[in-house]
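I opened this notebook to look up how the ligand is held and what can be said about the cysteines. My entries follow in the order in which I checked them.

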Amino acid sequence: MKTKILNIGVIGVGHLGQHHVKHFKNIDNVKLIGVFDINSKQASKIALKFNTNKFESLFNLIKKSDALSIVTPTNSHFSIAKDCISLNKHVFIEKPITKTIKEANDLIKLANKKNLIIQVGHIERINPALLALKPYKIEPKFIEIQRLAPYSVRGTEVPVVLDKMIHDIDILLSIVNSPIKKIHANGISIITDSIDMAHARIKFNNNTVANITSSRIAKEDIRKIKIFQRNLYCTIDLLKGITEVYQINGELKSTIQAPFNYKGNKKIITYTKPKIQKTDPLRAELINFINSINGKEKPIVKGEDGRDALKLAIKITKLIKRESN
Ligand code: NAD
């Protein structure tokens with residue numbers, strides 16, 4: 001069967017949107033047909049840089065495309081995505097999917113009715129350091145996640161929970177297969193009028209506990225996950241691309257083995273540092289989007305996943321606000 005060449009448009013070509021443009025220029029089975037941005041100068045700059053068309057009308061770009069990337073600020077995701085889906089186009093929406101759960105549900109319902117793909121840009125799900133855990137049976141009992149970043153004005157229109165923590169919420173929901181039992185959350189404003197630093201302790205029905213800390217007021221970038229479970233402990237450095245796995249009596253090939261005794265039984269701790277694929281996660285998620293439209297793959301992060309991450313992020317934000325009043 002011959003794969004269809006898809007006409008792709010990019011809406012919003014600021015900091016991140018221009019990278020969508022760059023990748024779509026070099027993905028098989030894709031014809032980038034142009035960009036639209038309400039900042040006309042920015043649209044011209046990016047169209048010139050990547051040798052593509054600048055559209056003056058959003059409607060015309062949508063009409064001429066088979067699928068679109070929506071890389072505008074979150075408060076515009078819903079109305080733009082709704083226009084695209086209404087015109088029977090597949091959409092890749094940057095995270096968070098929308099501002100409200102109702103908006104997300106409305107988009108999902110409409111897309112499902114029309115058999116269209118909604119993919120959400122929770123890029124960390126495709127981070128090669130996280131994907132390196134695939135050969136292991138991950139059944140966490142305790143998870144610690146830390147995401148710290150130096151202050152930047154971008155993203156401060158929303159609480160840190162919706163800008164940064166939502167990445168980790170999405171990862172967490174993808175690795176713990178159980179409903180949530182209880183949430184404790186705290187947070188503070190440091191520079192902005194919104195929450196700049198947040199902590200959430202999430203307990204699941206299967207008794208797994210996750211501690212997530214996110215801050216946009218930090219000296220340096222840190223993005224780390226630690227997973228503890230029976231006979232296994234692993235650390236994932238999402239930023240540096242390093243994954244390390246310690247297993248009791250691990251069967252996988254390991255570089256270091258440390259024998260020890262417990263209750264008279266000889267056990268071995270094996271240490272493994274899986275080889276991390278050198279892939280560009282944004283390019284990988286856009287290829288996954290194209291392959292999903294062509295029926296070759298399933299979207300790694302579906303609209304429903306984006307909605308679930310948003311739901312938990314909004315709940316945590318509300319709890320923090322209630323705690324601090
Ligand atoms: P940005 O401000 O740099 O760029 C946004 C662009 O959208 C601007 O050029 C602006 O003129 C344009 N725009 C605004 N409203 C528009 C509208 N209604 N129609 C068309 N164009 C419009 O922002 P950014 O950092 O590129 O972020 C864009 C989106 O990407 C946000 O949803 C953000 O949360 C998300 N994001 C995701 C990640 C990630 O890791 N996945 C990283 C950064 C940003």
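Before sorting the residues around the ligand, I noted the classes: Ala, Val, Leu, Ile, Met, Phe, Trp, Tyr, Cys and Pro count as nonpolar, Asp, Glu, Lys and Arg as charged, and the others, Gly among them, as polar. I also kept in mind that this is a predicted model.

Entry on the surroundings. I looked up where the ligand lies and found that the ligand sits in the largest pocket. I listed 23 residues surrounding the ligand, the closest being H15, L16, D37, K95 and R154. When I sorted this shell by class, I got nine nonpolar, ten polar and four charged residues.

Entry on contacts. I found a backbone N or O atom of H15 at 2.9 Å from an oxygen atom of the ligand. For the nitrogen atoms of the ligand, I noted one that is 3.0 Å from a polar side-chain atom of E94, and I recorded a distance of 3.3 Å between a ligand nitrogen atom and a polar backbone atom of I38. I then looked up the ligand's surface, which is 840 Å² when the ligand is taken alone, and the protein buries 77% of that.

Entry on cysteines. I searched for disulfides and found zero in the structure. I entered C84 as buried because its relative accessible area is 0%, and C234 likewise counts as buried, at 0% relative accessibility.

Conventions
Residues numbered from 1 in each chain as written. Predicted model: local features only at pLDDT ≥ 70, side-chain atom pairs only at ≥ 80, totals over all residues. Heavy atoms only, no water. Near = heavy atom within 4 Å. Polar contact = N/O pair within 3.5 Å; in protein donor to acceptor, adjacent residues only side chain to side chain. Areas by Shrake-Rupley, 256 points an atom, 1.4 Å probe, with all protein chains shown as cover. 1 Å grid on protein atoms, 1.4 Å probe; cavity = no way out; pocket = protein on both sides within 12 Å on 5 of 7 lines; lining within 4 Å. Sits in = over half its atoms within 2 Å of the grid points. Disulfide = S-S within 2.5 Å. Buried < 20%, exposed > 50% of the residue type's maximum accessible area, 1.4 Å probe, protein only.
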